[in-house]
Amino acid sequence: MEEIKELEILRELLEAKQYTRLRQRMADMNIADIAAVMEELEEEELLKVFRILPKSMAADVFSYLEVESQQFIITSLSDREAANIINNLMADDAADLLEEMPANIVKKLLANASAETRRDINHLLRYPEDSAGSIMTVEYVDLKENMTVEEAIQRIRQRGVDSETINICYVLDTKRTLVGTVALRYLLISPPDAVIGDIMHENVVYLNTLMDQEEVARQFQKYDFTSMPVADNEGRLVGIITVDDVVDIMQEEATEDIEKMAAIVPSDKPYMKTGVFETWKKRIPWLLLLMISATFTGSIITSFEAALSVFPILTAFIPMLMDTGGNAGGQASVTIIRGLSLNEIGYSDVPKIILKELRVALLCGATLAGAYFAKLMVFDKVGLNVALVVCLTLVATVAIAKMIGCTLPVMAKRLGFDPAVMASPFITTIVDALSLLIYFAIATKILGL
């Protein structure tokens, strides 16, 4: 409600051409709130409001806007204005923006950017996508171990304004190797003539530039840091990652896993900003694959057509058996995928996982079979043999489904695939075919088909 109210006020001021009042009002707002309100404006209004923003806030607000809005603004500004925005962005935000833009615009922006900005952006762009190096920022405060506290505080005053954070400063030797860290609070309470090398924390936890961003998030979760240094293979400090970047990583990774588990090719765009044709392209590959694989289910039913003609009542229980098997497999797979993403489960745990899921499957299968047996005998009035066929199949199907659901994601990760791919839709297709084979095999034995 507050955001809607603010949007209406800004629109009224814009329509009334009261630009001075509009600028003053935005100067008192939080930059994230300004960006959220601007996202609701039409493109023409968006550009007007951005030009009215105080210059000291423009780059910060720009970094909070959606990629599409950023691209529109950058391409609408003059070369000089656009270069000013790029120069004032944090290097990691600028690199993220340029990765999404057409090559001709990137070339123009870099040509007008400062030499320091170009160097920082090119430094970030050379790292693999989704690696620690690609998401880090190069704006940080570094100190020398032979500095005094007074010299260190002076350096922070000089470089702190342009740094992502000054809460933690990083201590380097003459080869720029990371040798320690020192918190700002220790500098403030230490004697001015104390040497940094004597008060720094030497046991430094750092990230490698090539570390996957998902592992980066796990390291932040493990150590509860607000920022972590990023070093190359020689231990030289090249950047830092802050916790606000990790929040974005966690959201991105969770969204990607959810889409894969729903058999959708992951997309970088929000749902409302993804066109119909693009959405179709993301969904149709898996739907085609699952449809083709599901034809095996139809083939199995067709091959047992003669048996079904003798006992047509068996047909009525096929949907229940297939759905129950798919649901059981889906429960196991989601649990295991989550455990793998949190590093709670490894390949060596497969025997323990299978044993546990087998016991769970037998308990679940027996409970379901007992409940369904009562329904068959009391309400459906089917014969004892038919009830036994259905209930035994139910127990076997749940067991097989949970075995598949718990092992496939682990095997996928072992082979280098994303475990989320082996989620409910894929497992359900496999379990459907197996549940029918089990059903007709048991029916053949007990009913003598």
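**Figure 1. P229 and I240 face each other in the β5/β6 hairpin.** In this predicted model, P229 stands opposite I240, a residue of strand β6. The two strands, β5 (residues 227-231) and β6, run antiparallel and are joined by 5 bridges. Together they make a hairpin with 5 residues between the strands, and G235 in the turn has a positive phi of about 85°. Strand β6 spans residues 237-242 and is mostly covered, with 6 of its 6 residues buried.

**Figure 2. The β4-β5-β6 sheet carries helix α15 across it.** Zooming out from the hairpin, we find an open sheet of 3 strands in the order β4-β5-β6, and its pairing is mixed. The edges belong to β4 (207-208) and β6; each has a single partner strand, so one side of each is left without a neighbour in the sheet. Helix α15 lies across β4, β5 and β6, and runs at about 135° to β5.

**Figure 3. Q219 is a buried residue of helix α15.** Helix α15 covers residues 213-223, and Q219 is part of it. Is Q219 buried or exposed? With a relative accessible area of 16%, Q219 is buried, because the cut-off for that label is under 20%. Setting aside residues up to four places away in sequence, Q219 touches L207, M211 and M228. Of these contacts, L207 falls within β4 (207-208), and M228 falls within β5 (residues 227-231).

**Figure 4. The β1-β2-β3 sheet also has mixed pairing.** Here is another open sheet of 3 strands, ordered β1-β2-β3, with mixed pairing. Its edge strands are β1 (142-144) and β3 (178-183), each with a single partner strand, so one side of each has no neighbour in the sheet. On average, neighbouring strands of this sheet are turned by 35° against each other, direction ignored. Let us look at the two pairings in turn. Strand β1 runs parallel to strand β2 (residues 168-172), and 3 bridges join them. Within this pairing, L143 stands opposite V171 in β2.

**Figure 5. Strands β2 and β3 form a hairpin.** On the other side of the pairing scheme, β2 and β3 run antiparallel and are joined by 5 bridges. L172 stands opposite L178 in β3. The hairpin has 5 residues between its strands, and R176 takes a positive phi near 65°. How many of the 6 residues of β3 are buried? The count is 5 of the 6, so β3 is largely enclosed by the rest of the structure.

**Figure 6. Helices α7 and α9 pack against each other.** Two packed helices are described by the angle between their axes and the distance between the axes. For helix α7 (residues 79-88) and helix α9 (residues 103-112), the angle is about 80° and the axes are 9 Å apart. That makes α7 roughly perpendicular to α9. On the α7 side, the contact involves D79, A82, A83 and I86, which meet K108, L109 and N112 of α9. Sorted by character, the residues of this contact divide into 4 nonpolar, 1 polar and 2 charged.

**Figure 7. R80 is an exposed residue of helix α7.** Staying with the same helix, R80 is found in α7. R80 counts as exposed, because its relative accessibility is 72% and the cut-off is over 50%. A C-alpha separation of 43 Å lies between R80 and Y223, which are 143 residues apart along the chain.

**Figure 8. M38 sits in the largest nonpolar core.** Which members of this core touch the most other members? In the core of 41 residues, they are M26, M38, F50, F62, I74 and I86. Leaving aside its neighbours within four places in sequence, M38 is in contact with L46, V49, F50, L53, V61 and L65. Apart from the largest core lies another one, of 26 residues, including I318, M320, V382 and C391.

**Figure 9. Q70 is a buried residue of helix α6.** Helix α6 spans residues 67-76, and Q70 is found there. Q70 has a relative accessible area of 8% and is buried. Not counting residues up to four places away in sequence, Q70 touches F62, S63, L65 and L97. Two of these names return from the previous view: F62 is one of the core residues that touch the most other members, and L65 is in contact with M38.

Methods: Residues numbered from 1 in each chain as written. Predicted model: local features only at pLDDT ≥ 70, side-chain atom pairs only at ≥ 80, totals over all residues. Heavy atoms only, no water. Axes fitted to C-alpha atoms, helices over the stretch in contact; angles between N-to-C directions. Helix = DSSP H or I, 4+ residues; strand = E, 2+ residues; numbered from the N terminus. Parallel < 35°, antiparallel > 145°, perpendicular 65-115°, else oblique. Contact = heavy atoms within 4.5 Å. Nonpolar A, V, L, I, M, F, W, Y, C, P; charged D, E, K, R; others polar. Buried < 20%, exposed > 50% of the residue type's maximum accessible area, 1.4 Å probe, protein only. Pairing = 2+ DSSP bridges. Core = buried A, V, L, I, M, F, W, Y, C linked by side-chain atoms within 4.5 Å.
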